[in-house]
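Please open the model in your viewer and follow the stops below in order, selecting the named residues at each one.

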Amino acid sequence: QVQLVESGGGLVQAGGSLRLSCAASVRFFSINAMGWYRQAPGKQRELVAAITSGGSTNYVDSVKGRFTISRDNAKNTVYLQMDSLKPEDTAVYYCNVKYRGITPYEYTNWGQGTQVTVSS
């Protein structure tokens, strides 16, 4: 199995920046896509950004130009650099990792979540 440890959330004023990290401990599996989701109170969890093993990225429209996802394959770590934060970015952010072993089946695992609060 793959275990994920998130860090980097916190409280920041609007216009500020935060950087989230998610480190995956993995044995006998290869990691495919990595991503960040968020869930605000009373709302559904949504994909914020994702990055493939080859480095292709995609973002939800509301964060394009402000957030940057990246990964360090040697460290099995994915990052989310969040700039120009807005109060509507306030949510619990979850790391998501898709991985597989020797079979074609793809597993998915979630981090524990980290709170991001943006004050106006």
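Begin by selecting Glu46 and Arg38, which form a salt bridge in this predicted model, with their closest N and O atoms 2.7 Å apart. Glu46 is partly exposed, at a relative accessible area of 30%, whereas Arg38 is buried, at 6%.

Keep Arg38 selected and add Asp89, since a salt bridge also joins these two residues, here with 3.0 Å between the closest N and O atoms. This pair links distant parts of the chain, 51 residues apart, with Arg38 in strand β4 (residues 30–39) and Asp89 in the loop between β8 (77–82) and β9. Both Asp89 and Arg38 are buried.

Next, select Arg66, which sits in the loop between β6 (57–59) and β7 (67–72) and has a relative accessibility of 10%, so that this residue counts as buried. Setting aside residues up to four places away in sequence, Arg66 touches Gln81, Met82, Asp83, Ser84, Leu85, Lys86 and Asp89.

Move on to Lys64 and Asp61, where a salt bridge has its closest N and O atoms 2.9 Å apart; Lys64 is partly exposed at 48%, and Asp61 is exposed at 60%. Returning to the earlier stops, you can select Arg38, Glu46, Arg66 and Asp89 together, as salt bridges with shared partners join them into one network.

Finally, select Cys22 and Cys95, the partners of a disulfide with an S to S distance of 2.1 Å. Cys22 belongs to strand β3 (residues 18–25) and Cys95 to strand β9 (residues 91–100), so the pair ties together parts 73 residues apart in sequence. The link is left-handed, with -80° about the S-S bond, and both cysteines, Cys22 and Cys95, are buried.

Methods: Residues numbered from 1 in each chain as written. Predicted model: local features only at pLDDT ≥ 70, side-chain atom pairs only at ≥ 80, totals over all residues. Heavy atoms only, no water. Helix = DSSP H or I, 4+ residues; strand = E, 2+ residues; numbered from the N terminus. Buried < 20%, exposed > 50% of the residue type's maximum accessible area, 1.4 Å probe, protein only. Contact = heavy atoms within 4.5 Å. Disulfide = S-S within 2.5 Å. Salt bridge = Lys/Arg side-chain N within 4 Å of Asp/Glu carboxyl O.
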